[in-house]
Amino acid sequence: MAEKKNSKGVMFYDEQLDSINLLSDEIAGKLLKACLQYNISGEVPTDPSLAFAFSFFKVAIDRNNEKYNDICKIDWWNKWTWNYNFPNSIYTMLWYIIKK
């Protein structure tokens, strides 16, 4: 089965701009680097000036990676069923039922 992995990037949302605008350009740049580093290695920044702002972005990154992993699982299932000529739609529906 597909192993748990992180997406190949970090997504920022429009509603996060208000929070970012409250930061100085230097801290905002550090926050961007911290988000990318967290997505790659899981390393949480230790800088106290970033800790509060980063906590909000960490939640979004984790949520996006969970969605990414769900899509990878479905994609793996569809590839497996396609290789064995099973009707994909039935097995995809079963996957959603079993997952919940």
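Which residues form a nonpolar patch on the surface? Select Phe12, Leu32 and Leu36, and you have that patch, with about 240 Å² of accessible area together. A patch here is made of residues with over 30% relative accessible area and no salt bridge, nonpolar side chains (Val, Leu, Ile, Met, Phe, Trp, Tyr) being joined within 5 Å and like charges within 9 Å. The accessible areas come from the Shrake-Rupley method with a 1.4 Å probe, and for residues only the protein chains shown count as cover.

Before going on, please keep in mind that this is a predicted model, in which local features need pLDDT of at least 70 and side-chain atom pairs count only at pLDDT 80 or more, while totals for chains, interfaces and linings use all residues. Residues are numbered from 1 along each chain as its sequence is written, and side-chain values use heavy atoms, with hydrogens and water left out.

**The whole chain**

Show the protein as a cartoon, and you should find four helices and zero strands, in the pattern α-α-α-α when read along the sequence. Helices (H or I, at least four residues) and strands (E, at least two) are DSSP runs, numbered from the N terminus. Of the 100 residues, 26% count as buried, where buried means under 20% relative accessible area, exposed means over 50%, and partly exposed lies in between (1.4 Å probe, protein chains only).

**Helix H2**

Next, select residues 25–41, which are helix H2, and pick out Leu32 within it. Leu32 counts as partly exposed, because its relative accessibility is 40%. In the same helix, select Lys30 and Glu26, whose side chains meet in a salt bridge (3.5 Å, N to O); a salt bridge is a side-chain nitrogen of Lys or Arg within 4 Å of a carboxyl oxygen of Asp or Glu. Side chains of opposite charge can pair when their charged atoms come close. Because Lys30 and Glu26 are four residues apart in helix H2, they are separated by about one helical turn. Lys30 is partly exposed at 34%, whereas Glu26 is exposed at 55%.

**Helix H3**

Move on to helix H3, residues 48–83, and select Lys58 and Asp62, whose side chains meet in a salt bridge (3.1 Å, N to O). A search of the whole structure finds two salt bridges. Lys58 and Asp62 are four residues apart in helix H3, so about one helical turn separates them. Lys58, at 28% relative accessibility, counts as partly exposed, and so does Asp62, at 29%.

Ala51 is also found in helix H3, and if you draw a distance from its C-alpha to that of Leu31, you should read 9.2 Å, although the two are 20 residues apart in sequence.

**The cavity**

Finally, how many cavities of 30 Å³ or more does a search of the whole structure find? There is one, and about 30 Å³ of space lies in the largest cavity. On a 1 Å grid over the protein atoms alone, a cavity is a set of points where a 1.4 Å probe fits but cannot get out, and lining residues have an atom within 4 Å of a point. Grid points are joined across faces, edges and corners, and a volume is the space filled by probe spheres set on the points.

To see the lining, select Ser7, Gly9, Val10, Met11, Asn39, Ile61, Asn64 and Asn65. Helix H3 gives the most to this lining, with three residues. The lining divides into three nonpolar, five polar and no charged residues, where Ala, Val, Leu, Ile, Met, Phe, Trp, Tyr, Cys and Pro count as nonpolar, Asp, Glu, Lys and Arg as charged, and the others, Gly among them, as polar. End at Ile61, which is found in helix H3 and is buried, with a relative accessible area of 5%.

Methods
On a 1 Å grid over the protein atoms alone, a cavity is a set of points where a 1.4 Å probe fits but cannot get out, and a pocket is an open set with protein on both sides within 12 Å along at least five of seven lines; lining residues have an atom within 4 Å of a point.
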